[in-house]
Amino acid sequence: MSTASAVGTNEQVHARLVAFLPRLRRFCHGLTGNADLGDDLLQASFERALSRLDQWQDGTNLENWVFRLARNLNIDRLRALRVRGVTVDIDQAYDLAGEDELARLETRSELDAVNAALGAMPVELREVMAVVVLDGQSYRTAAELLEIPIGTVMSRLSRARQLIEARLNRTADGALA
Amino acid sequence: MTMTDEQIAAWLHKSVDADQAAQIEAAMAQDEALAARAARIGALDALARHAVPLEPELPEALRARLGLAPAVVADNVVDLAAVRTARALAAKPAATRSGFSRSDRWRVAAQLLVILSVGFAASQWRVSPTSTDDAAAYRALGDSRQTAANALLMFAPDIDARAAKAMIVKAGAQSIGAPSAAGVWQIYVAPAQRDATLAALRGMAAVQMAEPISGNQP
């Protein structure tokens, strides 16, 4: 590839990355369960993508490559914070589901309740919510991106939804009380 | 037909094949409870998407953080990151700030002195003997077509050129040519933001030196 065409390609890829940022921002918000942390993750992911662009293989999905970078950075962040979400036994995730955390959080609306549930649930559940529900990816793509079986994608989505519903019910009970 | 919520959700998420989709749709047509469960699952997903909305445009401040727009500076806004950095620097002994030891400082100072001396000598030879432009010394070291540098930057030894460029761009600066043999980058920063940008760069652990070019005032 000539230098001129390489520069042209880099500019095109950069433009594609910039156009992708709104989606990435929503994904990062979903991954972290928090808008501010999401923006921090977005910035780190964008910088990581720019600095490692030579590792992206032309012909593969650029956006999903960046999603993977964001996911790995989020896992690193959680490990640094020693958050249990990363190592939690997924079969017990619902039982661990942060009932105390949920009870502690006060919410005043359904959207607050959903955000509170997202923030409190284990990161594995947030990941499938971010990929499938927020970004609209297929189960197959989610399974590839998260490196888990499709059946696990389905079960994690179900558990995430149960947590959100539980939080919504709690909010509704609180409003009636 | 018995149907789990996971199967219903897979249908909602278009992750079942055509035969399964037809079965589920036929079952829902005959089972109101099943249709209600599907509606409930769909509503929860919609609520989640609404709670974490897709904003078509990034806020200007965030674009600035990403190096996509000029930094937003307002009198009534405190850059907490800069304050934290300054506080952290003030709390550390001078010799260990940014992992930059006293011997490192002497090394950088010596390198800078060599660069300045060679650059000045070269500028006297290549430019004009009567030139009073202090930037000439730096022009003489690099590409003569790029003469806008108004600051110098040096990174920690483990920072490669790609990462260095990314940090320069993120800071809202522009690199002028390649780094010198000593690893010093010439950069250009918008004059009004030069001091603030250099201060922010100094606060980064990866940056060993960020200094304005003396005499080349904005």
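The legends below describe close-up views of a predicted model.

**View 1. The surroundings of Asn74(A) in helix H3 of chain A.** Asn74(A) belongs to helix H3, which covers residues 62-81 of chain A. With a relative accessible area of 0%, Asn74(A) is buried, and its side chain is joined to that of Arg77(A) by a polar contact of 2.9 Å. When neighbours within four places in sequence are left aside, the residues in contact with Asn74(A) are Leu31(A), Thr32(A), Leu41(A) and Val123(A).

**View 2. Helix H8 of chain A and the residue that follows.** Helix H8 of chain A, residues 139-146, is largely enclosed by the rest of the structure, because six of its eight residues are buried. The buried residues in H8(A) are Tyr139(A), Thr141(A), Ala142(A), Ala143(A), Leu145(A) and Leu146(A). Just after H8(A) comes Glu147(A), which takes a positive phi of about 60°.

**View 3. Nonpolar cores, with Val153(A) as a point of entry.** The largest nonpolar core has 65 residues, and within that core Leu24(A) and Val153(A) are the residues with the most contacts. Leaving aside neighbours within four places in sequence, Val153(A) is in contact with Val128(A), Val132(A), Tyr139(A), Ala142(A), Ala143(A) and Ile148(A). A second core, separate from the largest one, has 15 residues, including Ala164(B), Ile187(B), Leu198(B) and Leu201(B). In soluble globular proteins, nonpolar side chains tend to be buried together.

**View 4. The contact between chain B and chain A.** Chain B gives 28 residues to this contact and chain A gives 37 residues. About 3,100 Å² of area is buried between chain B and chain A, and carbon and sulfur atoms give 67% of that area. Of the area that chain B buries against chain A, 19% is supplied by Glu6(B), Val52(B) and Arg65(B), which is more than any other three residues supply.

**View 5. Polar and charged pairs between the chains, and the elements of chain B that take part.** Between chain B and chain A there are four salt bridges, and the side chains of Arg65(B) and Asp40(A) meet in a salt bridge with an N to O distance of 2.8 Å. The two chains also have 12 residue pairs in polar contact, counted where both residues are at pLDDT 80 or more. On the side of chain B that touches chain A, two or more residues come from each of helix H1 (5-12), helix H3 (32-51), helix H4 (60-65) and helix H8 (161-170) of chain B, and the largest share, nine residues, comes from H3(B). By class, this side of chain B has 16 nonpolar, four polar and eight charged residues.

Notes: Residues are numbered from 1 along each chain as its sequence is written. Chains are lettered from A and ligands numbered from 1 in the order in which they are written. This is a predicted model: local features need pLDDT of at least 70, side-chain atom pairs count only at pLDDT 80 or more; totals for chains, interfaces and linings use all residues. Side-chain values use heavy atoms; hydrogens and water are left out. Helices (H or I, at least four residues) and strands (E, at least two) are DSSP runs, numbered from the N terminus. Buried means under 20% relative accessible area, exposed over 50%, partly exposed in between (1.4 Å probe, protein chains only). A polar contact is a pair of N or O atoms within 3.5 Å; within protein, one must be able to donate a hydrogen and the other to accept it, and residues adjacent in sequence count only if both atoms are side-chain atoms. Contact means heavy atoms within 4.5 Å. A nonpolar core is a set of buried Ala, Val, Leu, Ile, Met, Phe, Trp, Tyr and Cys residues joined through side-chain atoms within 4.5 Å. Buried area is the accessible area (1.4 Å probe) that two parts lose on being put together, summed over both. Ala, Val, Leu, Ile, Met, Phe, Trp, Tyr, Cys and Pro count as nonpolar, Asp, Glu, Lys and Arg as charged, and the others, Gly among them, as polar.
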